[in-house]
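Thanks for coming. I have one structure to go through today, and I will start from the inside and work outwards. Here it is on the screen.

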Amino acid sequence: MAKHRVALIPGDGIGPEVAAATRVVLDAVDVGIEWLERPAGEGALATHGALLPDETLDTIRDCRVAIKGPITTPVGTGFRSVNVALRLGLDLFAAVRPARSLPGVPTRFEDVDLVVVRENTEDLYQGIEFERGSEQAAALREELRDIAGEEIRPDAGVTLKPISLTGAHRIVHFAFEYARSHRRKRVTVGHKANVMRFSDGIFLEAAIEEASHFGDIAWDEIQIDHLSSRLARKPEEFDVLLLPNLYGDIISDLCAGLVGGLGLIPGANIGWEYAVFEPVHGSAPDIAGQQKANPVAMILSGALLLRHLGEIEAAENVEWGVDETLRKGEIRTADLGGTATTMAFAEAIAAEAVAWEHGPS
Ligand code: NAD
């Protein structure tokens with residue numbers, strides 16, 4: 001009998017290619033995973049009439065863990081993003097995105113090793129929007145005039161930015177616990193609390209309160225614009241970055257750029273009950289179906305999944321397999337200057353992962 005049951009959602013665009021590649025590597029390290037493949041995204045809309053079919057959500061709830069490829073968000077169709085629906089529906093309140101310099105991937109900086117912890121359920125991403133010209137937008141304008149004496153233009157659309165003390169406390173607590181359990185030394189909280197006093201202000205307030213319970217972890221706070229500038233100059237100075245939702249989304253892509261690109265950064269979405277692992281990149285329609293996609297981001301997301309399942313040695317094997325293949329540099333995809341296919345790259349990583357027998361020094 002399989003030891004672990006994991007929902008596998010290949011997704012759209014390059015998703016099925018990087019998902020198949022990831023499966024090859026995770027099957028090679030052989031921890032006894034039963035894969036339950038389920039649809040989501042554009043393909044699911046065509047076959048099941050829904051971007052996120054109930055059976056997919058049920059399977060994730062049943063397995064409690066899932067790994068997913070990227071999903072194309074239809075623009076201007078009124079559909080809510082599947083990713084946002086998953087994060088809210090399963091209350092996956094913490095996004096964890098490690099970015100570290102990888103061997104054999106030349107970048108401006110050689111010693112980046114940081115983790116972005118992003119709040120995943122609130123802020124401008126919660127999806128509370130009022131469409132320009134709608135009755136609701138008009139009602140909101142009137143209400144704002146009445147209660148706050150504020151005028152917004154009649155042709156404005158509005159997106160709300162709620163940040164609650166409850167939501168802020170749990171993500172701050174999570175980030176400090178994460179720092180402690182992963183032997184990280186410092187948490188840096190990014191915000192714009194001087195301008196958004198009642199949303200980012202709450203985030204900062206929660207950070208100040210929670211930090212007092214974690215005397216062993218250093219922490220500091222920094223305005224998000226200043227953080228961006230410092231990351232571009234000295235990213236090696238940062239350890240754990242804790243950010244509200246939208247800033248976390250932007251800064252984690254920036255960090256991907258610092259270590260060699262979107263094809264390399266894994267991610268985890270974690271809640272109290274469920275966890276969904278996924279690469280940071282999107283469905284890359286420009287290279288979909290061509291076996292050009294770099295599978296490393298999703299394979300490393302698979303390593304995070306293995307750690308979550310308690311399969312630490314297997315996770316280390318996978319990470320070693322990625323590092324060693326990159327270090328040797330013979331087999332790599334086009335984004336890293338190579339010519340290998342997605343699957344050839346994954347097979348090389350699987351071979352290195354399996355060959356490695358001892359823990360890293
Ligand atoms: P993207 O990440 O798909 O692509 C940006 C650029 O990076 C493209 O040039 C692409 O070819 C390249 N790239 C991305 N991943 C790569 C990989 N693994 N290997 C090699 N090159 C890679 O971002 P986008 O173009 O802004 O978005 C495309 C679609 O993906 C949109 O519909 C967006 O909504 C969706 N998206 C989904 C997720 C998700 O499901 N988690 C995340 C981001 C974007």
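Which residues of the largest nonpolar core touch the most other members? They are Leu242 and Leu306, in a core of 65 residues. Before I go on, please keep in mind that this is a predicted model.

Let me stay with Leu242. Leaving out residues up to four places away in sequence, Leu242 touches Val117, Ile171, Val172, Ala175, Val187, Thr188, Val189, Gly190 and Phe203. There is also a second, separate core, of 20 residues, and Leu243, Ile251, Cys255 and Leu258 are among them.

Leu242 and Leu243 both belong to strand β10, residues 240–243. How are the faces of β10 covered? Val240 and Leu242 lie on one side, Leu241 and Leu243 lie on the other, and all of these are buried.

Now the sheet that β10 sits in. In what order do the strands run? The order is β2-β1-β3-β12-β11-β4-β5-β10-β8-β9, which makes 10 strands in an open sheet with mixed pairing. The edge positions go to β2, residues 33–37, and to β9; each has a single partner strand, so one side of each has no neighbour in the sheet. From one strand to the next, the twist averages 25°.

On the sheet packs helix α1, residues 15–29, in contact with β1, β2 and β3. The direction of α1 makes about 165° with that of β2. One residue to point at in α1 is Ala20. Is Ala20 buried or exposed? Neither: its relative accessibility is 33%, and therefore it counts as partly exposed. The C-alpha atoms of Ala20 and Pro10 are 7.8 Å apart, with these positions 10 residues apart along the chain.

Beneath that helix, β1, residues 4–9, runs parallel to β3, residues 65–68, and 3 bridges join the two. Ala7 has Ala66 in β3 as its bridge partner.

Strand β3 also holds Lys68. Is this lysine, Lys68, buried or exposed? Lys68 has a relative accessible area of 1%, so it is buried. What does the side chain of Lys68 meet? There is a polar contact of 2.6 Å between the side chains of Lys68 and Asn83. Apart from neighbours within four places in sequence, the residues in contact with Lys68 are Ile9, Asn83, Leu86, Val276, Phe277, Glu278, Pro279 and Met298.

Back to the strands beside β10. On one side is β5, residues 113–119. Why call β5 largely enclosed by the rest of the structure? Because 6 of its 7 residues are buried. With β4, residues 94–100, β5 pairs in the antiparallel sense over 7 bridges. In that pairing, Ala99 has Leu114 of β5 as its bridge partner. With β10, β5 runs parallel, joined by 4 bridges. Val115 is partnered by Val240 in β10, and Val116 by Leu241.

On the other side of β10 is β8, residues 186–191. These two strands, β8 and β10, run parallel and are joined by 3 bridges. Here Val187 stands opposite Val240 in β10. Val240 therefore comes up twice, as the partner of Val115 and opposite Val187, and we have already placed it on the side of β10 with Leu242.Two helices remain in this part. Helix α9, residues 245–258, lies across β4, β5, β8 and β10, running at about 155° to β5. Helix α8 covers residues 224–233, and its buried residues are Ile224, Leu227 and Leu231. Seen down the axis of α8, these buried residues fall within an arc of 50°, so they line one face of the helix. The spacing fits the general rule: an α-helix has 3.6 residues a turn, so residues three or four places apart point the same way. What covers the buried residues of α8? The cover includes β5, β8, β9, β10 and α9.

Last, one residue further along the chain. Glu324 is in helix α11, residues 312–328. The relative accessibility of Glu324 is 15%, so it counts as buried; the cut-off for that is under 20%. Its side chain makes a polar contact of 2.3 Å with the side chain of Arg327.

That is what I have for today.

Notes:
Residues are numbered from 1 along each chain as its sequence is written. This is a predicted model: local features need pLDDT of at least 70, side-chain atom pairs count only at pLDDT 80 or more; totals for chains, interfaces and linings use all residues. Side-chain values use heavy atoms; hydrogens and water are left out. Buried means under 20% relative accessible area, exposed over 50%, partly exposed in between (1.4 Å probe, protein chains only). The arc is that of the directions from the helix axis to the C-beta atoms. Contact means heavy atoms within 4.5 Å. Two strands pair if DSSP finds at least two bridges between them. Axes are lines fitted to C-alpha atoms, for helices over the stretch in contact, and angles run from 0 to 180 degrees between N-to-C directions. A nonpolar core is a set of buried Ala, Val, Leu, Ile, Met, Phe, Trp, Tyr and Cys residues joined through side-chain atoms within 4.5 Å. A polar contact is a pair of N or O atoms within 3.5 Å; within protein, one must be able to donate a hydrogen and the other to accept it, and residues adjacent in sequence count only if both atoms are side-chain atoms.
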